[in-house]
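Visitor: I should like to go through this structure by question and answer. Please begin with any term that the discussion requires.

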Amino acid sequence: MEAEAAAEEVGPPEEGEGEYVVLFYCFRELHAEGALAAEVARQQQGCEQRGLLGRLLLAPEGINGTLAADNWEAMANYVRFMCSDPLWRMKSQVTHSSCRY
């Protein structure tokens, strides 16, 4: 699957590099009655289960998000989820870089 290949192709950064952040958006129609509320609940549950923190903006036109995790596998799991989910079918362009202060 393309999503798995993208997340695995990059691989995890070196141990102890810090937090991992994903920024994304996707336009999809969420106009069906109850669709938006259901997706808000689903995204909240998925982020809590993976230990992700950040902000997701969901609207009848789609989703925009910035999420962070201190665990590479948790972030890669979320990226795979969004790429394989029938609603979102997002294309992954996973890259990573480190920034030290």
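Guide: A residue counts as buried under 20% relative accessible area, as exposed over 50%, and as partly exposed in between. The model under discussion is predicted.

Visitor: Is Gly-62 buried or exposed?

Guide: Gly-62 belongs to strand 3. Its relative accessibility is 7%. The cut-off for burial is under 20%, and therefore Gly-62 counts as buried.

Visitor: What is the pattern of helices and strands, read along the sequence?

Guide: The protein contains three helices and three strands. Read along the sequence, these follow the pattern α-β-α-β-β-α.

Visitor: What share of the contacts with a separation of 6 or more is accounted for by residues 24 or more positions apart?

Guide: One such pair is Gly-62 and Trp-88, which lie 26 residues apart along the chain and are in contact. Their C-alpha atoms are separated by 8.7 Å. Across the protein, residues 24 or more positions apart make up the following share of the contacts with a separation of 6 or more: 66%.

Visitor: Which element gives the most residues to the largest nonpolar core?

Guide: The largest nonpolar core has 21 residues, and those with the most contacts inside it are Phe-24, Leu-52, Leu-67 and Trp-88. Two or more residues come from each of strand 1 (20–27), strand 3 (62–69) and helix 3 (72–84). With eight residues, the element that gives the most to this core is helix 3.

Visitor: Which residues does Trp-88 touch, not counting residues up to four places away in sequence?

Guide: Trp-88 is among the core residues with the most contacts inside the core. Beyond four places in sequence, Trp-88 also touches charged residues, including Glu-39 and Arg-42. The full set is Cys-26, Arg-28, Leu-30, Glu-39, Arg-42, Gln-43, Leu-58, Gly-62, Ile-63 and Met-82.

Visitor: How far along helix 2 are Arg-42 and Glu-39 separated, in helical turns?

Guide: Arg-42 and Glu-39 form a salt bridge, with the closest N and O atoms 2.8 Å apart. Arg-42 is partly exposed at 30% relative accessibility, whereas Glu-39 is buried at 5%. Because the two residues are three apart in helix 2 (residues 35–50), their separation is about one helical turn.

Visitor: Which three residues are joined into one network by salt bridges that share partners?

Guide: Arg-42 also forms a salt bridge with Asp-85, the closest N and O atoms being 2.8 Å apart. This pair links distant parts of the chain, with Arg-42 in helix 2 and Asp-85 in the segment after helix 3, 43 residues apart. Asp-85 is buried, at a relative accessible area of 8%. Salt bridges that share partners thus form one network from Glu-39, Arg-42 and Asp-85.

Visitor: How many salt bridges does a search of the whole structure find?

Guide: Besides the two salt bridges of Arg-42, the side chains of Glu-73 and Arg-80 meet in a salt bridge at 3.6 Å, N to O. In this pair Glu-73 is partly exposed at 48% relative accessibility, while Arg-80 is buried with a relative accessible area of 18%. For the whole structure, the number of salt bridges found is three.

Visitor: How do the residues lining the second largest pocket divide into nonpolar, polar and charged?

Guide: The second largest pocket has a volume of about 170 Å³. Helix 2 and strand 2 (53–59) each supply at least two residues of its lining. Among the lining residues are Val-40, Gln-43, Glu-48, Leu-52, Gly-54 and Arg-55. The lining residues divide into seven nonpolar, three polar and two charged.

Visitor: What distance separates the C-alpha atoms of Val-40 and Ile-63?

Guide: Val-40 is found in helix 2 and is one of the residues lining the second largest pocket. Val-40 is partly exposed, at 36% relative accessibility. Although Val-40 and Ile-63 are 23 residues apart along the chain, their C-alpha atoms are separated by 9.8 Å.

Visitor: What percentage of the residues of the protein count as buried?

Guide: Buried residues named above include Gly-62, Glu-39 and Asp-85. The protein has 101 residues, and the percentage that count as buried is 36%.

Definitions and conventions:
Residues numbered from 1 in each chain as written. Predicted model: local features only at pLDDT ≥ 70, side-chain atom pairs only at ≥ 80, totals over all residues. Heavy atoms only, no water. Core = buried A, V, L, I, M, F, W, Y, C linked by side-chain atoms within 4.5 Å. Buried < 20%, exposed > 50% of the residue type's maximum accessible area, 1.4 Å probe, protein only. Helix = DSSP H or I, 4+ residues; strand = E, 2+ residues; numbered from the N terminus. Contact = heavy atoms within 4.5 Å. Salt bridge = Lys/Arg side-chain N within 4 Å of Asp/Glu carboxyl O. 1 Å grid on protein atoms, 1.4 Å probe; cavity = no way out; pocket = protein on both sides within 12 Å on 5 of 7 lines; lining within 4 Å. Points joined across faces, edges and corners; volume = space filled by probe spheres on them.
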